[in-house]
Amino acid sequence: KSLKTLSLQDSWEIIEGLKGNPGNIQEPEKQEGFLLKRRKWPMKGWQKRYFLLEKGILKYSKRGADKDKLHGCIDVGLSVMSIKKKTKAIDLDTNDNIYHLKVTLSVSLSRLSSFISFLSRFIISLFLVSRFIDLPDGSRPLVHQVSNESRASIPDSMSEFFDAQEYQLTSSSSENEVSPNHRWDFLCTSILRPAPLPPLSPPAGSGGSGVQVARRRTTLPSPQPSSSSVSLWNILKNNIGKDLSKVAMPVQLNEPLNTLQRLCEEVEYSELLDTANHTQDPYQRMVYVATFAVSAYASSYHRAGSKPFNPVLGETYECDRPDKGFRFIAEQVSHHPPVSACHCDSNNFTFWQDVQWKNKFWGKSMEIVRIGTTHVTLPAFGDHYEWNKVTSCIHNILSGQRWIEHYGEMSIKNTSSDACQCKVTFVKARSWSSTVNEIEGMVTDTGGRVIHTFFGKWHEGVYQGVPPSAICIWRANPMPVDQDQYYGFTQFAVELNELDAALKPLLPPTDTRFRLDQRCLEEGNIEGAEEQKRRIEELQRGRRKVLEENNVTHKPRFFKYATVKSKDDTWLSSNVYWEQRKNPRFSREDFPVLW
């Protein structure tokens, strides 16, 4: 009666809070014993660990005899807990880390009721003990004392929970120590960086418009509105067990860009690929390609406070940048599951990828797993590079200052040659400290010998070599002075949704720049943005219904599904966009009415 739970799909239960007067509840006894703990990244599987729960602190070590050699401590009172009786699972979200635990009992069906009884006692004890501390005189229990911010987050920090075994997750703790050798501190601001290559002409036969934007805008039409009136918890609690990509969100939580434009932000530092295509040494080429892969995350640093618009099926976006020597197109090629495909080419490289997102919510954090492979080819050498994306996590999703980190291992290979490989580790920090956002990478030959090393921070820069003689390979561009008022956009992001008068007649009507809800938000018209967003979503539902009734499958206009050299299936450009763009011909084509 003193414990309230919320039921989720797959029998997950979230421990929400206590009822009644805590003074009438007896302080639980000390609990100790063995549990299974999910191993920290990059290793998989479970490890048996000895746990001790006392006075609200859950400690663990390898063996019971090693009580003094602790591997980690968890303040249960400040954590969000969920249980799953079917799999004997316990999850604790401390905001900085996510712990996945299992009871080690081997329970047969005949003993299932005995196990449920045991698990219930353990969980109730785990929850109750976190709420008590002893006085100097030990006369009565007290509610666990926390800061105002933490106290506010305890009853509100409930969100979506999923089976911990579905994806490989990072469950770091005090075990995941970051080296105290903070190499970043040794760097000098005077370190040299490579000289940029001269501007490139548009790719041959690109069909580019030749339209030159005389002066690109330096700010958005209107600053970011306040979202304080939106209760994210009220939204989440009504959609427990669902993927947020399928949940309609208030427009105040959005930024005036969408996912297709976010993909374009990954080529902001395309000059790294230009440099790679002019580098003879294959190991050094790999360093530039790897640095380009790291730079794709730079623009996310100030963007944890809002989300991009979800593209509707058939929506497109182009970015023709003669000043940078590339042209970019993207299309939403699938709605269920949502898949975005993009293609970017230049005289020096071709870049493409398709991306699907999987979201996981752990009470205080939202973990984003990107599924898909990124491809880059360099024509000068016939190289074809492939790499995976790492995991992203937004912390303080319901309260406090949100911040984003990326962690995991990125493996880069050249499918055209086995001369070298590269691994880049995005380090997961234990807490907000000087070690946050660090990356470490190495390029090895076929025998595994290290040829080059590099390091840095994904939002600041990458350095090759050993300090203090390391050489700067890349630095992030400076942020606009008022970025905090304009969604944390970089200058490149500010330019992405600009609709120049000379460009307007050349674009297909499906281009994101014509999307009315996004345009209204950019101009500060919240009511108009919300109204247009509902209308666009209703139009998409209507189109989908027509397709289903007629047993018709949507066919993307500018991409096709194919198998690449590595035998993986992916969405490839059908190489018709820029040809159709000439004259212009889009005005004579039939397009669905998206908005």
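**Notes on a predicted model: strands β3 to β5 and overall confidence**

1. A good place to start is the pairing of strand β3 (residues 31-38) with strand β4 (residues 46-54): the two run antiparallel and are joined by eight bridges. Within this pair, Q31 lies opposite L53 of β4.

2. Strand β4 also pairs with strand β5 (residues 57-61), again in the antiparallel sense, through five bridges. Here L52 has K59 in β5 as its bridge partner. If you are tracing side chains along these strands, recall that in a regular strand they alternate between the two faces of the sheet.

3. Do have a look at the turn between β4 and β5. This hairpin leaves two residues between its strands, and K55 adopts a positive phi near 55°.

4. Stepping back to the whole protein, the model contains 10 helices and 29 strands. Of its 595 residues, 53% are buried. Counting contacts between residues at least 6 apart in sequence, 62% link residues at least 24 apart. The exposed area comes to about 26900 Å², with 50% of it supplied by carbon and sulfur atoms.

5. Now a friendly word on confidence, since this is a predicted model. The average pLDDT is 78, and 72% of the residues score at least 70. Residues 1-9 fall below 50, and this stretch has 30 contacts in the model beyond near neighbours in sequence.

6. Please keep an eye on residues 137-201 too, where pLDDT stays under 50. For this segment the model has 185 contacts beyond four places in sequence.

Definitions and conventions. Residues numbered from 1 in each chain as written. Predicted model: local features only at pLDDT ≥ 70, side-chain atom pairs only at ≥ 80, totals over all residues. Heavy atoms only, no water. Pairing = 2+ DSSP bridges. Helix = DSSP H or I, 4+ residues; strand = E, 2+ residues; numbered from the N terminus. Buried < 20%, exposed > 50% of the residue type's maximum accessible area, 1.4 Å probe, protein only. Contact = heavy atoms within 4.5 Å. Areas by Shrake-Rupley, 256 points an atom, 1.4 Å probe, with all protein chains shown as cover. pLDDT = per-residue confidence, 0-100.
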